[in-house]
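Subject: Structure handover

Hello,

Here is the structure you will be taking over. Please look through it first; notes on what was found follow below.

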Amino acid sequence: MSERLNLMSPAMLADPYPTYAELRRDAPVCQVDPGGFWAVTRHDDVVAVLKDTAVFSSEGFRAATKPAWLGHNPFGDSMLVLDPPAHGRLRSLVNRAFTPAAMARLEARVRAFAEDIAARLPLGQPVDWVESLAMPLPASVIGELLGLDPSLHARFKRWTDDLTSISPVTPDMTARMEEIRTTVREAEQYLTEVLASRRREPADDMVTDLLRAQVDGQSLTDAELMSFLFLLLVGGLETTVHLLNHSALQLIAHPEVLDRLRADPALIPRFIDEVLRYEPPVRSVYRLVMADTEIGGVRLPKGAKVLAMIGSACRDEAHFPDAHRFDIDRRGVTHLPFGHGIHFCLGAPLARLEARLLFTALLPRVRRLSPAGPPEWRRALSVRGVTSLPVVAHPA
Ligand code: HEM
């Protein structure tokens, strides 16, 4: 490949996998546009990058989410951008909110949301899956976790869309820049009010837990709290929405899988894990090279910007036999869609829980899912997903 690949081209947005396969074969570490990132595409190299936090720093996220034109952005200061030891301190303050016991406590609420959303899905007519199903569940769950006003769910989605669309913005896109600046201001203003109200009146929610959390006598600073709330909004919403969207796309493409899940709901977790492998919602994560290094036989200088391409790694033929086949009977689960090492996703059990309970509630009602129009793919470097997905759910 002589010309630099553009990850934002319509073809790469619609189906990047054939090109990822070419990259893994011919140019496993190569520079791509936009942004001149070094894309690392082979499974073992991606894992090596994510493991080596000294050379491949998560500061890469800060550069991608806090460019000069944006300036202030609490998301770009969250634990996602930190390396040891600062990262470890924050992680130990917040991870108690995600223990198995905490998830078990949440399960009944998530089930109630899932059953309600599934029951309201109009059957036998075209609907937008994103609007009707994929967005409402994670928005309700994250709203519940943080104690946010349900009437603002649509606004949260716009915020997270904007916060995950920062890196493809080019200098000519001044109107888009203004929209994103407005989003950061609006979200911060709203979340400042949430923090103030929980300080006045503690509640049984994660914000109150975070305000009280202490490790070695230290609690979270106001700026750390704000960054974490931004991270939870984006992490909790934007990724899980796409897990649910990609699940629908696979059920449309494989009606026989839908039949099997209906007959045996115990297969639903395996289906979800295979959707995560086949179409990881986080297709790449950012890293910054801290010292001259070599990866996949390519020398990278200090300061190089790297994209660890999880989306490609999950289809690496060297790691997954028949990698391009969607196969819920595949042996062994990969957790790579949730990252690897110290930044491994805190919300992985919650995302899996939401997807399992949604399909458990929905499938008894639905015999078949069929497309009602072409999906529209999002323009984003790190997240892969659709903005709309017209479908018809045929009644059982
Ligand atoms: C299918 C859904 C999800 C996917 C695919 C996903 C993916 C990821 C990935 C790949 C990372 C690692 C980023 C890196 O190494 O730089 C990550 C981190 C994180 N995720 Fe998720 N995520 C999902 C859902 C969630 C949910 C539901 C939450 C919370 C409600 C969440 C909260 C977080 C947090 C807080 C981190 C940062 C952990 C750290 O820096 O130590 N995620 N996620």
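The model is predicted. The notes cover one hairpin, the strand beside it and the largest pocket.

Strands β2 and β3 form a hairpin, with 3 residues between them. In that turn, glycine 35 has a positive phi of about 100 degrees. Strand β2 covers residues 29–33 and runs antiparallel to β3, to which 4 bridges join it. One of the pairings is between valine 29 and its bridge partner in β3, valine 40.

Strand β3 spans residues 37–40, and its side chains alternate: Phe37 and Ala39 point one way, while Trp38 and Val40 point the other way. These four residues are all buried.

Strand β3 also pairs with strand β11 (residues 305–308), this time in the parallel sense and over 3 bridges. Here alanine 39 of β3 stands opposite leucine 307 in β11.

Now the largest pocket. It holds about 370 Å³ of space. The lining is made up of 13 residues, and those closest to the pocket's centre are Arg105, Leu106, Asp204, Asp205 and Asp209. Two or more lining residues come from each of α6 (100–120), α8 (136–146) and α11 (206–212). Helix α6 gives the most, with 5 residues.

What kinds of residue make up the lining of the largest pocket? The lining divides into 7 charged residues and 6 nonpolar ones, with no polar residues.

Regards

Note on methods. Residues are numbered from 1 along each chain as its sequence is written. This is a predicted model: local features need pLDDT of at least 70, side-chain atom pairs count only at pLDDT 80 or more; totals for chains, interfaces and linings use all residues. Side-chain values use heavy atoms; hydrogens and water are left out. Buried means under 20% relative accessible area, exposed over 50%, partly exposed in between (1.4 Å probe, protein chains only). Two strands pair if DSSP finds at least two bridges between them. On a 1 Å grid over the protein atoms alone, a cavity is a set of points where a 1.4 Å probe fits but cannot get out, and a pocket is an open set with protein on both sides within 12 Å along at least five of seven lines; lining residues have an atom within 4 Å of a point. Grid points are joined across faces, edges and corners, and a volume is the space filled by probe spheres set on the points. Ala, Val, Leu, Ile, Met, Phe, Trp, Tyr, Cys and Pro count as nonpolar, Asp, Glu, Lys and Arg as charged, and the others, Gly among them, as polar.
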